[in-house]
Amino acid sequence: MLSVVIRRLIVAVPLMGVISFIVFVLSSLAGGSVGQAILGPTASAESVAALNEKLGADRPVLVQYVDWLGHAVTGDLGLSVVSGVPVADTIASRIPVTMSLAVGALLLVIILGVTSGAIAAIRGGITGRLAEVLAVLGRGLPSFWLALIAVLVFGVNLAWLPVSGYVPFADSPSGWIQSLILPVLVLGVSEIALVAVVTRAEMLSAMRSDYVRSLRANGYPWKRIVFKHVAKNAAAPVLTMVSLVFVSLLGGTILMEQIFGMPGLGTLMVSATTKHDLQVIQGLAVFYTAMVVVVFLLTDIASGYLNAKARAR
Amino acid sequence: MSAVIEGAAIKEQSRRAAERGAGFLPRLVRQPIVVACSLVLLVIVLACVFAQWVSPYEPLEQDLQNTAAGPSASHLLGTDQLGRDILSRMLHGGQVTLLGIVQAVAVCAVIGLFLGLTAGTLGGWVETVAMRLCDLLLAVPGLVMLLVILGIYGNNEAAAMITLGVIMAPTLARVVYSATIAVREELYVASARVAGLTSFQIMRRHILAGVTGPALTQISIVAAVACIAEAGIGFLGLGVAPPAPSWGNLVTDAQNVMPISAWMLVPTGGIIAVVTLSLTLLGNGIRDAYMGRSSGSSKAFSWRALAVKVSQAESPAGGGAAPQGQEPILSVKGMTVGLPRGSSEVTIVDDVSFHVAPGEAVAIVGESGCGKSVTISGVLRVLPMGAHVTAASISFKGTELTSLSEREMNAYRGTGIGFISQEPISSLNPAFTVGHQLEEAVRLHRGVGKGQARQIARELMARVRLPEPEAVAKKYPHELSGGMAQRIAIARALAGEPELLIADEPTTALDVSVQCEILDLLRDLREQTGMALILVTHDWGVVAEACDRALVMYAGQVVESADVQSIIAHPAHPYTRALLQSSSVGIAPRQLLPVIAGTVPAPGYWPHGCRFASRCELAEDACRTGPIPMVTLEESSAARCIRTDVDELVRT
Ligand code: SF4
């Protein structure tokens, strides 16, 4: 088990280095300097150069990168070019918003997706086909469009739920939940059917297997076969799917935060992008990658626990 | 001889691949949904490409009398907040989005195909490096990376879409890679022992045929994702700068006019939805076409559908040697098993009758495809989905099994009748240790507690002669050898102390030396417990070694049944004789064995007369006129042949 973790980390740590390095190189190739970004396009060449020198932005990319990396490992992601606030602090203050969204949607997806997939695999009939149709719809309908429709119907016309803003849990737990319902629903809804389809397919392939045939022939009760033997074999691939869904949800939060006016990492990303705030972009890129790496690591550990063969590999 | 067979196998593979390739396009265009989606996409693409000529207005032309209006004769899809014609803006905006899709797809296809094909065909370190690279790229959150690129390169859509193509490439590479590997293995298996037959050209042709379908499916998914991503970028205001239209920023405009009029949401979001849905459905259609199934015809499979339909035939049909002496422990009369094929049903096992006396060992012998396994699966009611068992009677120790429900059957499976299958390792659940699985069986069948179950499980392991039971118990099935796994499977079947053990080719998958050990074990266990045995096999050596009586099956029917001694000495049916001649029983080892010419007719293609006629040396016109009945020859033997008398003459 430990060796799986170590092997994953051996890949994960360099990955984050590579991503941050690519971002660094790309931004240096893009032309325009940090000084230029801060002072704006009208600033004189001398003042830009002076600022660049002061900030160390005139050094070779590699030197700058190593310098940045040295600070990054201590948790210092530099200062925002635009606001001058430490990037790490800004990110930290916005994590709860984004995580509430992403984790809420993930729970929704897991609970509804796995349950309906299992029902389709066991009972068959309409559920399976429905999940397939919904999966196509979920992938095909743009989430930001769905979100706008949801705002229109539930927020404006029916006025059931707030359509904008985020209430921290500490301020008001009920307000927190209310502010999350719509964005979480819209964010999760397109992925539910996807998880359902994978759950159904994996359970069915286990049900067709030789060992299930042997268990049936040896008189095991169906509940034991399905909920123990089939379930444990289907769990690992479903889990892998869930981890991929989480990555896609993480991307989806950017749009949801923008539409529902939530001060999370996504809105930070969008504003940094419009303002060319390279330090913030760099920090966010590394943070998002770290999130994905952690999720994959947890998935690997869980799969290893579920599947002896994967552990042996 | 083996080379000839292998050569034929390769030809067979090539033919199948060619068929798959040939059937692909017709199957694709036969699906109405594929045609409809292609047409929709074609119309949209053409309308956008020729927007300058097709669109009724200029994209920036304002009609200030008509702002934020719904559809009307002059503005088919209404106008936006500045009175600009929505349809015209959509058509012009489509150029941006479609160009983005093309960029992303092109980049993705080039990288994905290159990585997948090189990794798949070259193997070795190239494979490792390429796949590691894919793993690495998979961990990159797509939308975030797009924003990073846009942040750095400022509203440069081409850069964003190219990045998207790169990010999506590993998934395509994996799809192409596994398709390539599948083709390569298929060919490799067929040609392993015939050096030189796998030329690069054969590889190339096959891989092309095998990869096209999966790759196209994945590419249509990439196109759909690119469409949504491009629109998303536009929606966030990071794409083409307004007032120039794009599908994404039109939705932003719609959001802004939402307080006044919600109409604009419909066409602007709708067009994105229509395009992505069409692309997704097109992908599904392509997948259905290369998987060889027409869409919608795939019957809903489920656990519930696994329950076998059982019906009792009116009257006992068919002959078969009548049980004599002891009351049989299992008696099957007139059992027919049908499996679904397409929308109809095809008979696999046809009116089979047999019985097993207590403590007796009965072999069911025949070539593959004769219905041996299905016969025993029919008795146990463990069959593929949609199976249908009809029988006058299947009785186990006097209980009529045909009238039992699925739940009631479970009282007999495992405890009355034990089962072991052909593939020992895959017959055990890969996710649990074998010790756990054995203890589970003991607890289930004997109703004992944990500690006692553990005790009994260890005893069972000792009885099947597993060395070091403690160490073996902690292992997973894939960590065991075939022989060890089969011992575990036997121990599991013994957990319920069955009076009848059904073994489906228990030694076929094992090495010769291990085969003997397992057969010895089965014989000893039978002596100790007095349980009866049904052993399905195609190996006369196994029959002679382990069984008392043999049932020969051909094309779904029992064609001969007799004591093992007499059947080997005096086979009555020409098929039995041919089988015996082609096996090594009674012949010096390594002598060249004659092979029975021809093949078993497939279920559904059985002739009206004798089913063996096409391969039988003694066939005459009378054999082909109608079904051949079972003819009782001696007290306990019978054969389904009208010329058994002639055989006597030939033999003596
Ligand atoms: S019935 Fe005729 S064709 Fe059939 S096995 Fe006998 S001799 Fe051969």
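Modeller: Helices are DSSP runs of H or I with at least four residues, strands are runs of E with at least two, and both are numbered from the N terminus. This is a predicted model, where local features need pLDDT of at least 70, side-chain atom pairs count only at pLDDT 80 or more, and totals for chains, interfaces and linings use all residues. Residues are numbered from 1 along each chain as its sequence is written, chains are lettered from A and ligands numbered from 1 in the order written, and side-chain values use heavy atoms, without hydrogens and water.

Biologist: Where does Thr42(A) lie?

Modeller: Thr42(A) is in the loop that links helix H2 (34-39) to helix H3 (45-55) of chain A. Its C-alpha atom is 73 Å from that of Lys223(A), 181 residues away along the chain.

Biologist: Does Thr42(A) count as buried or exposed?

Modeller: Buried is under 20% relative accessible area, exposed over 50%, and partly exposed in between, with a 1.4 Å probe and protein chains only. Thr42(A) counts as exposed because its relative accessibility is 76%.

Biologist: Which residues form the nonpolar patch on the surface?

Modeller: A patch takes residues with over 30% relative accessible area (Shrake-Rupley, 1.4 Å probe, only the protein chains shown as cover) and no salt bridge (Lys or Arg side-chain nitrogen within 4 Å of an Asp or Glu carboxyl oxygen); like charges are joined within 9 Å, nonpolar side chains (Val, Leu, Ile, Met, Phe, Trp, Tyr) within 5 Å. Here the members include Leu25(B), Val29(B), Phe50(B) and Trp53(B), and the patch has about 1,100 Å² of accessible area together. Helices H1 (2-29), H2 (32-49) and H3 (51-54) of chain B each give two or more residues.

Biologist: Which element gives the most to the nonpolar patch?

Modeller: H2(B), with 6 residues. Val29(B) belongs to helix H1 of chain B, and it counts as exposed because its relative accessibility is 54%.
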